Amino acid sequence: MNDPNLLILASLADGDKHGYAIMADIKAFADVELGPGTLYGAITRLEERGFIRPVGTDDRRQPYRLTADGRRYLEEELAVLQSVVRVGFRRLGKA
Amino acid sequence: MKRLIRLASWLYPTSWRRRYGREFEALLDEVKPGSRQLIDVLKGAISMQIRSPQSSVMRICFRIIIFASAGFFISAGWGLYFATADKAKPIDPIVYVLAYITEPVAGITHTYFDFPRGLRAVEIENAATYTLIGLMLTLIRRRHRPLQFSN
């Protein structure tokens, strides 16, 4: 699982985070190291699609928040993933 | 390395830097600098340039560079192949056909004109031919389908 869009949405699901905090969180829960270019490419796309939005701050580090659309999209994608995982394990005889 | 990564971040489109530049630099200050980070930032910059609405000229330049490089390296490849081919064995005609197709100007001049020149000249000539083909294809594409800027 290394889709940066989904990883960022999953990271923001438990609260606002800035770029570096998102990177560290993704490394912790998915063991995926997103580079700064990949992270901000995905942040740009997610913001354009209205799935995340910047939160007001005076800091140079800009925190982002999951929007309602983002949450819905994440839930849909995770449901698909869950189904794939379930079927995969069943077919491997490990369910 | 940190300085190189910062320089690479300047390759992002102006509009993107205006929106994300400050926070991106804050992130670059925090990440451990390395060649992986540099490559990632360069990839991000290319990707954003391609997506940027201001970059139609850049996209065309990028395509032209790709076509010219393809022409150059194909020619260099044939040069290497013919230079290292076993002289005792005859070369299969299909090889000549392929060389003729992929190096059309060199093929025509070799067949119909007595115009000997070095490998470097043929490489440049083939790069120019491919560039011309690339330009024509780009113009045809633009005529029939407007360029799309978003993913």
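Q: Which residues have the most contacts inside the largest nonpolar core?
A: In this predicted model, they are I8(A), L9(A), L39(A), Y40(A), I43(A), I52(A) and F24(B). The core itself has 34 residues.

Q: And which elements give two or more residues to that core?
A: From chain A you get α1 (4–12), α2 (19–30), α3 (36–48), β2 (64–66) and α4 (68–91). Chain B adds α1 (2–9), α2 and α3.

Q: Let's zoom in on L9(A). What does L9(A) touch, skipping residues up to four places away in sequence?
A: L46(A), F51(A), I52(A), L66(A), G70(A), Y73(A) and L74(A). I52(A) is also on the list of residues with the most contacts inside the core.

Q: OK, switching to the interface. How many residues does each chain put into the contact?
A: Chain A brings 24 residues and chain B brings 23 residues. Together they bury about 1900 Å², with 50% of that on carbon and sulfur atoms.

Q: How many salt bridges between chain B and chain A?
A: The count is 4. One pairs the side chains of R60(A) and D29(B), at 3.1 Å from N to O.

Q: What about polar contacts across the interface?
A: There are 11 residue pairs in polar contact, both partners at pLDDT 80 or more.

Q: Which element of chain B supplies the largest share of the side touching chain A?
A: α2(B), with 12 residues. Both α2 (14–30) and α3 (35–51) of chain B supply at least two residues there.

Q: And by class, what is that side of chain B made of?
A: It has 10 nonpolar, 10 charged and 3 polar residues.

Technical notes: Residues numbered from 1 in each chain as written. Chains lettered and ligands numbered in written order. Predicted model: local features only at pLDDT ≥ 70, side-chain atom pairs only at ≥ 80, totals over all residues. Heavy atoms only, no water. Contact = heavy atoms within 4.5 Å. Buried area = accessible area lost by both parts, 1.4 Å probe. Polar contact = N/O pair within 3.5 Å; in protein donor to acceptor, adjacent residues only side chain to side chain. Helix = DSSP H or I, 4+ residues; strand = E, 2+ residues; numbered from the N terminus. Nonpolar A, V, L, I, M, F, W, Y, C, P; charged D, E, K, R; others polar. Core = buried A, V, L, I, M, F, W, Y, C linked by side-chain atoms within 4.5 Å. Buried < 20%, exposed > 50% of the residue type's maximum accessible area, 1.4 Å probe, protein only.
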